[in-house]
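This report describes the fold, the nonpolar cores, the annotated positions and some local features of one protein. The sequence and the structure are shown below.

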Amino acid sequence: MAETTAYSGSGLVLVKNPHLDLMEEDVLYHLDLGTKTHDLPAMFGDIKCPWTDGEEVASRCFLWEGVPGTATSGTIRLTRGTRSSSVPTLMFCLQFVCVGGSPNRMRAFAQLMQRQLGLAGAGEDVADMCAGSDRYAMYRAGPVLSISTKKTPRCLFPLKKMAVGISSRKGHSTTLSSLQHGMGIPSISIMLHELIKLLHHAKCRDVTIIRIGTSGGLGIEAGSVVITDTAVDSSFQPRFEQVVLDDVVVRSTELDKDLAEELLACSRDIPDFPTLIGHTMCTYDFYEGQGRLDGALCSFSSEKKLEYLRRAYDAGVRNIEMESTAFAALCRVCGLKAAVVCVALLDRLEGDQIRASHEVLWEYQQRPQRLIAAFIRKRLGLCPTD
């Protein structure tokens, strides 16, 4: 059974489940949130936020306090401590959500976005908004909401990441949120179902969702950042097959082309690493499914492996990971404009094992974050910085 979709003209997040309207309460178990226990529109809607000295912002991104529904145009300069009728208190709404690995990394990312957006309190610690959950940690610093798993064991690589953009009313500024989705299609599927319901209950609109992660490159140098135009399966087809009861539902995995081009344009202001647009192949596991020779099981030769990877390259694939088809399909069905931005940790045509030093890999993993930060600043009309 094929399932066709289109983006929502209203900008609202589409939840295609009639049963939700019949429920007295919707418990978002893995996020430790619920429609009865939490005021989701208030939590993920407007907040007052102070500004830093001399920061220029496009005032179209903000509202004058006390005049709901109005916006201005042009550029204003705000100065810390000024509290006159001519200078507004800025009102932020949730527009960008970043989903990633350990609590430490996502807390650090929230602090990075504090600095990038020029918010007061930059560098200070942020409180965990999901303190009652043993699943996730959530940090909000000004307009930044950052979410990750709790009690994540220290390891060389953070778990896969993604970013999501949300906005509740036109004329408001941005809020960034980060959320970890673990590794693989089952893990990201659980997270996306609850995240999309959260956006729906919070009445968010005009959402831009971006997954930030790591991957294996294909015919590109290690450290390259790949912006996905289309996610493909292991047969190089742009589809995601979801088993629903005993039926197979086929969903499109095309991503927003304009958003991909916008991200590529932002990368030109960060010339110290290569960025490109290409297909991303999504597999169900890290070893056999990606043609690795170093797993506990391997039933194919090195020649067969290279022949398969070269066919993938000829089909337009430039990197391989384990979440993009499910991510693209779910976002598309629910009317979310989406992108996937991943750094390549190695070129799979040259080997299977990741041998770069911890310091090199850490710097590689900052590259997608730097690109997304530049994208957010540009969307807000702020001057480039890196």
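## Overall organisation

Of the 386 residues of the protein, 55% count as buried. The model is a predicted one. Its secondary structure comprises 7 helices and 19 strands. Among contacts between residues at least 6 apart in sequence, 77% join residues at least 24 apart.

## Nonpolar cores

In soluble globular proteins, nonpolar side chains tend to be buried together. The largest nonpolar core here has 36 residues, and L33, L192, L198 and F327 touch the most other members. At least two residues of this core come from each of α1 (40–43), β8 (96–99), α3 (185–201), α6 (324–333) and β19 (337–347). The largest share is that of α3, with 8 residues.

Another core, of 34 residues, lies apart from the largest one. Among its members are I210, A260, C266 and L382.

## Positions annotated as binding site

The UniProt record, an unreviewed entry, lists Q290 and R292 under "binding site". Such annotations may be inferred rather than shown by experiment. Q290 lies in the loop between β17 (275–282) and α5 (302–314), and R292 is placed in the loop between β17 and α5 as well.

Is the residue Q290 buried or exposed? Q290 has a relative accessible area of 3% and is therefore buried, the cut-off being under 20%. Leaving aside residues up to four places away in sequence, Q290 touches T283, D285, L309, I320, E321, M322 and R348. The side chain of Q290 also reaches the backbone oxygen of D285, at 3.5 Å.

R292 is likewise buried, because its relative accessible area is 1%. Residues up to four places away in sequence again not counted, R292 touches F286, Y287, C298, F300, L346, R348 and D352. R348 thus appears among the contacts of both Q290 and R292.

## Aromatic rings and charges

The structure holds 2 aromatic pairs. A pair of aromatic rings is described by the distance of the centres and the angle of the planes. For F286 and Y287, the ring centres are 5.0 Å apart and the planes stand at 80 degrees, so this pair is edge-to-face. F286 is partly exposed, with a relative accessible area of 30%, and Y287 is also partly exposed, at 37%.

F286 links this pair to one of the annotated positions: the charged end of R292 sits over the ring of F286, 3.8 Å from its centre. Elsewhere, R318 lies over the face of Y313, at 3.7 Å from the ring centre.

## Backbone exceptions

Most residues other than glycine have a negative phi, and most peptide bonds are trans. F236 is not a glycine, yet it has a positive phi of about 70 degrees. F236 is found in the loop between β14 (225–232) and β15 (239–244). With a relative accessible area of 15%, F236 is buried.

L245, also not a glycine, has a positive phi of about 55 degrees. Its place is in the loop between β15 and β16 (247–252). Which class of accessibility does L245 fall into? L245 has a relative accessible area of 82% and therefore counts as exposed, a class that begins over 50%. Of these two loop residues, F236 is buried, whereas L245 is exposed.

Methods: Residues numbered from 1 in each chain as written. Heavy atoms only, no water. Core = buried A, V, L, I, M, F, W, Y, C linked by side-chain atoms within 4.5 Å. Buried < 20%, exposed > 50% of the residue type's maximum accessible area, 1.4 Å probe, protein only. Helix = DSSP H or I, 4+ residues; strand = E, 2+ residues; numbered from the N terminus. Contact = heavy atoms within 4.5 Å. Polar contact = N/O pair within 3.5 Å; in protein donor to acceptor, adjacent residues only side chain to side chain. Phe/Tyr/Trp six-rings, centres within 6.5 Å; stacked < 30°, edge-to-face > 60°. Lys NZ or Arg CZ within 6 Å of the ring centre and 35° of its normal.
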